[in-house]
Amino acid sequence: MKATNRRVFMLQVAAGTSAAAAGQVLAQSTPAKVDPKDPQAMALGYVDDTTQADAKKFPKHSNDQKCANCQVYSGKAGDKTGPCAVFGGKLVSSGGWCSAWVKKA
Ligand code: SF4
């Protein structure tokens with residue numbers, strides 16, 4: 001193998017390794033689901049099911065308020081979960097709710 005060929009080969013190996021590493025990063029970057037028992041979720045009264053929201057604590061809540069129609073929810077229509085900006089992009093239930101709910105414009 002000539003020196004030039006060896007250098008090209010090493011670059012290809014390095015590129016392949018980078019692509020594999022990028023693949024791992026992508027696989028690991030799938031956001032976690034928000035646990036309703038997380039301190040932040042508890043503080044905001046997050047529930048996976050809007051009908052389970054604490055009516056006494058959140059009197060302005062109504063069951064038609066859901067993550068799926070919240071301003072900061074970025075899940076696709078029909079998906080069961082989607083990222084929420086309030087929870088740093090973690091996944092929330094499309095039928096969930098928290099006290100930071102704002103009607104999607
Ligand atoms: Fe759901 Fe909106 Fe609360 Fe996020 S901020 S958990 S999308 S209601």
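## Nonpolar core

The largest nonpolar core comprises 16 residues, and V34, Y46, F87, V92 and W97 have the most contacts inside it. The model described here is a predicted one.

Y46, one of these highly connected core residues, also has contacts outside its own stretch of sequence. Leaving aside residues up to four places away in sequence, Y46 touches K33, V34, P36, A41, C67, F87, V92, S93, G96, W97 and C98. Its partners thus listed include V34, F87, V92 and W97, which are themselves named among the core residues with the most contacts.

## Cavity

The structure contains one cavity of 30 Å³ or more. The space in the largest cavity amounts to about 100 Å³. This cavity is lined by 13 residues, of which C67, C70, V72, C84 and C98 are the closest to its centre. By class, the lining consists of 13 nonpolar residues, with no polar and no charged residues.

## Ligand environment

The ligand occupies the largest cavity. Surrounding the ligand are Y46, C67, C70, V72, Y73, C84, V86, F87, V92, C98, A100 and W101. The shell around the ligand divides into 12 nonpolar residues, no polar residues and no charged residues.

Several names recur across these descriptions. Y46, F87 and V92 belong to the ligand surroundings and are also listed among the core residues with the most contacts. C67, C70, V72, C84 and C98 likewise surround the ligand and are the lining residues closest to the centre of the largest cavity.

Technical notes. Residues numbered from 1 in each chain as written. Predicted model: local features only at pLDDT ≥ 70, side-chain atom pairs only at ≥ 80, totals over all residues. Heavy atoms only, no water. 1 Å grid on protein atoms, 1.4 Å probe; cavity = no way out; pocket = protein on both sides within 12 Å on 5 of 7 lines; lining within 4 Å. Points joined across faces, edges and corners; volume = space filled by probe spheres on them. Nonpolar A, V, L, I, M, F, W, Y, C, P; charged D, E, K, R; others polar. Near = heavy atom within 4 Å. Sits in = over half its atoms within 2 Å of the grid points. Core = buried A, V, L, I, M, F, W, Y, C linked by side-chain atoms within 4.5 Å. Buried < 20%, exposed > 50% of the residue type's maximum accessible area, 1.4 Å probe, protein only. Contact = heavy atoms within 4.5 Å.
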